Structure formats: C-alpha cells, structure tokens
Amino acid sequence: TYTSPHVFTVNLADEGCNAVQRTYSIYVRGRKIYTPPDIICLNRVSKNIIEVKWDKLKNVQYFNGLHVYRVDPNGNRTKIRSFTDSTVLGFYDSTVTDAYQANIRYFLRIENSCGLEGFRSDSLSTIALSYSEINDNSLRFNWTKYGDGPYKYILEKKNGSTFSPTDSTT
C-alpha cells in the first residue's frame, strides 16, 4: 500500500512576465510487513522458566526486530522480549509466575525498518498436566484445556531418547 501523497508546488518565473507553476504528488510505498516465524517448541524448564523456540526468519532485508508476546491465563497480552538480531531462534522466559499450574500462550510479531509491527504468528500454549495413581499399573492424567475448538491430545511415553504414542483423545 501507499502512503498519503506528499504534495509540492514549483513556481518558476523570470524577470519578465513569464511564470510557470506545477504541482506534483509523490506517493511512497511502505516497507513490507513480514510474516513472523512459527513458534515450534515450548519447554517448561522449571516452575519459573519456559524455553520458547521458533523457526528461522525467511526474509530479513528490512528487519528491525522480533517481539515475543505472552498471553496469561486471563487473556492479558504483554510484550516480554524484543530482539534486533535476526539469527536468534529462542530464549528463556524467566518472568513466569508458575509454569506448571497455568496455560501460558506465546506469539511473535516482526517489526520492519519503518517501525511497523506485522501480523502475529500462530500462538503456542503450555498445558498444565497432573496425574494420580489408580493402581500399580494405571495412572489417571488430567490437563488444562488448550483453547476453544476441537484439539487432539496425544500421550507419549519416553523410551530412551525417543517418544512413542501410547494413547490419544479429542
């Protein structure tokens, strides 16, 4: 899109009777608004630390900054960190009150060299998980709902360094 026109008028006159006046309009095309990368991982490191990782930026020609936003369980959005280095692919959010008891959502926005923030990325949310022992061979898992809409939850079991699905529900 273009900005409003910059209008200027030029008056040229000699010492005689000749004079010319022309008005010109100049339209400036704004810098591109960038699509932010996807958040690919949230990892609860401890009660007060969540690791946030995202994909590599695709186009950084007019990059000015990447902003990380957190949405708390009440829906309040806060810009919690900004980066001017386009090669940064994550950070540790150490300002979380209790990462184990609440759903915490994150999204990203990219700022171009004109200072305009673009669209927000898809968000990724933590899920608070708890379990209770039913008997020697069974556990009951409970978790907080991710959000509105139908979601599929997959329970995976870690065997060595790999995970394998053991159950799922919608």
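**Contacts, core and salt bridges**

The side chains of T23 and T9 meet in a polar contact of 3.1 Å. The model in which this pair appears is a predicted one. T23 sits in strand β2, which covers residues 19-26. Setting aside residues up to four places away in sequence, T23 touches V7 and F8 as well as T9. From T23 to N11, which is 12 residues away along the chain, the C-alpha atoms are separated by 8.8 Å.

Next comes the nonpolar interior. The largest nonpolar core brings together 18 residues, and those with the most contacts inside it are I50, V52, W54, L66, V68 and Y106. Four strands each put at least two residues into this core: β3 (39-46), β4 (49-54), β5 (63-71) and β8 (105-112). I50 has quite a list of contacts, even with its neighbours within four places in sequence left aside. Among them are L42, V45, F91, V96, A99, I104 and Y106. The list for I50 also takes in N43, R44, Y92, D93 and T126.

D93 turns up again in the charged pairs. Side chains of opposite charge can pair when their charged atoms come close. The structure holds four salt bridges. One of them joins R70 to D93, with the closest N and O atoms 2.7 Å apart. R70 belongs to strand β5 and D93 to strand β7 (residues 90-93), so this salt bridge ties together parts of the chain that are 23 residues apart in sequence. Where do these two partners stand in terms of burial? R70 has a relative accessibility of 16%, and because the cut-off for buried is under 20%, R70 counts as buried. D93 counts as buried too, at 2% relative accessibility.

Another salt bridge pairs K79 with E117, and here the closest N and O atoms are 3.0 Å apart. This pair also links distant parts of the chain, since K79 is in strand β6 (residues 77-83) and E117 is in strand β9 (residues 117-120), 38 residues apart. K79 counts as partly exposed, at 40% relative accessibility. E117 is likewise partly exposed, with a value of 24%.

E117 has a second partner: R109 forms a salt bridge with E117, the closest N and O atoms being 3.4 Å apart. R109 is partly exposed, with a relative accessible area of 26%. Put together, K79, R109 and E117 are linked in a network of salt bridges.

How values were computed:
Residues numbered from 1 in each chain as written. Predicted model: local features only at pLDDT ≥ 70, side-chain atom pairs only at ≥ 80, totals over all residues. Heavy atoms only, no water. Contact = heavy atoms within 4.5 Å. Polar contact = N/O pair within 3.5 Å; in protein donor to acceptor, adjacent residues only side chain to side chain. Core = buried A, V, L, I, M, F, W, Y, C linked by side-chain atoms within 4.5 Å. Buried < 20%, exposed > 50% of the residue type's maximum accessible area, 1.4 Å probe, protein only. Salt bridge = Lys/Arg side-chain N within 4 Å of Asp/Glu carboxyl O.
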